Amino acid sequence: MLDSNGSESKSTVLAPLAGFEQQIDALRSVGKLFFQRGWSVGTSSNYSVVARRDPLEIIVTASGLDKGRLQRHQFVRVDGDAKAVVSHQPRSSAETLLHVEIANQTTAGAILHTHSVWATILSDLYFADGGFAIEGYEMLKGLEGITTHDTQIWIEIFDNTQDMSELAQQISAKFQDDERPLTYGFLIRKHGLYTWGNDIEAARRHVEIFEFLFEAFARRLQLASAVNASTVTSSTSAY
């Protein structure tokens, strides 16, 4: 249905989203929080919630939007092929296929993707190693199922690409990896973080935990480098 300006009316766009207002508002709140924290700026990031499992359908943010100012009609309901379930919806993010793949491979109720500075830097720094391990931090207990700081998690890093089908296949294969299957999240090189949870609240918490861990990890590297440089300088000056 067109409005007086010749555009699709909000009521037409909202129809496939009916009944999910609470979840959509929760994602809008997540967008405001992440924008304020600097994790979703410049229209970056995308968020989704699982609408149904059989067959799979998710509701995901539309493409190219300021995540700090999301409106209810700026979401898209897509099927298991990442295609809109009905016409007259906004265009979904190019990365919708990754959300669908994660939903297929996990029991996630929500999937969140962010673009923070620390995630971007670390994903580039450790790409050649395939990822990096984080261990010993109390904040690890914020990830679902972890009950002690005496834990190590591996952060897998995938190369950035515009071929979402290929990347989705890589992610799918890594979920099945016997040695280091994906568990809580992963990074895309020079891009950002993907994580998920049983519901929006859990997924939001996982983003917060990862971002704390990334910053702590990176700042420790900076401090260690500065201390080592200072030690070398002091030793050289002694001769």
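**A mixed eight-stranded sheet and its helices**

Strand S7 (residues 185-188) and strand S8 (residues 192-197) run antiparallel and are joined by four bridges, where helices (H or I, at least four residues) and strands (E, at least two) are DSSP runs numbered from the N terminus. Within this pair, Ile188 lies opposite Gly192 of S8. On its other flank S7 runs parallel to S6, to which three bridges connect it, and here Leu187 of S7 is the bridge partner of Ile157.

The model is a predicted one, in which local features need pLDDT of at least 70 and side-chain atom pairs count only at pLDDT 80 or more, while totals for chains, interfaces and linings use all residues. Residues are numbered from 1 along each chain as its sequence is written, and side-chain values use heavy atoms, with hydrogens and water left out.

Seen as a whole, the chain contains six helices and eight strands, which follow one another from the N terminus as α-α-β-β-β-α-β-α-β-β-α-β-β-α. The eight strands make up an open sheet of mixed pairing, ordered S3-S2-S1-S4-S8-S7-S6-S5, two strands being paired if DSSP finds at least two bridges between them. Because strand S3 (75-79) and strand S5 (131-135) stand at the edges with a single partner strand each, one side of each is left without a neighbour in the sheet. From one strand to the next, the twist averages 20°.

Helix H3 packs on this sheet, where it touches strand S1 (46-53), strand S2 (56-61), S3, strand S4 (110-114), S7 and S8, and its direction makes about 140° with that of S2. Such angles run from 0 to 180 degrees between N-to-C directions, with axes fitted as lines to C-alpha atoms, for helices over the stretch in contact, and contact means heavy atoms within 4.5 Å. H3 (residues 96-105) is mostly covered, with seven of its 10 residues buried, that is, under 20% relative accessible area, against over 50% for exposed and partly exposed in between (1.4 Å probe, protein chains only). Among these buried residues are Leu98, His99 and Glu101. Helix H4 (residues 117-125), for its part, lies across S5, strand S6 (152-158), S7 and S8, running at about 75° to S7.

The covering of S7 extends to both faces, since Gly185 and Leu187 on one side and Phe186 and Ile188 on the other are all buried. Phe186 also belongs to the largest nonpolar core, of 44 residues, where it is listed with Ile58, Ile59, Leu98, Leu112, Ile171 and Trp196 as having the most contacts inside the core; a nonpolar core is a set of buried Ala, Val, Leu, Ile, Met, Phe, Trp, Tyr and Cys residues joined through side-chain atoms within 4.5 Å. Helix H5 (residues 164-175) supplies the largest share of this core, five residues. Leaving out residues up to four places away in sequence, Ile171 touches Leu98, Phe158, Leu182 and Phe186. Apart from this core lies another, of 21 residues, which includes Ile153, Ile155, Ile157 and Leu187.

A polar site is found around Arg28, in helix H2 (residues 21-37). The side chains of Arg28 and Asp25 are joined by a polar contact of 2.9 Å, and the Arg28 side chain also reaches the backbone oxygen of Leu70 at 2.8 Å. Beyond its neighbours within four places in sequence, Arg28 is in contact with Lys67, Leu70, Gln71, Arg72 and Phe75. A polar contact is a pair of N or O atoms within 3.5 Å; within protein, one must be able to donate a hydrogen and the other to accept it, and residues adjacent in sequence count only if both atoms are side-chain atoms.
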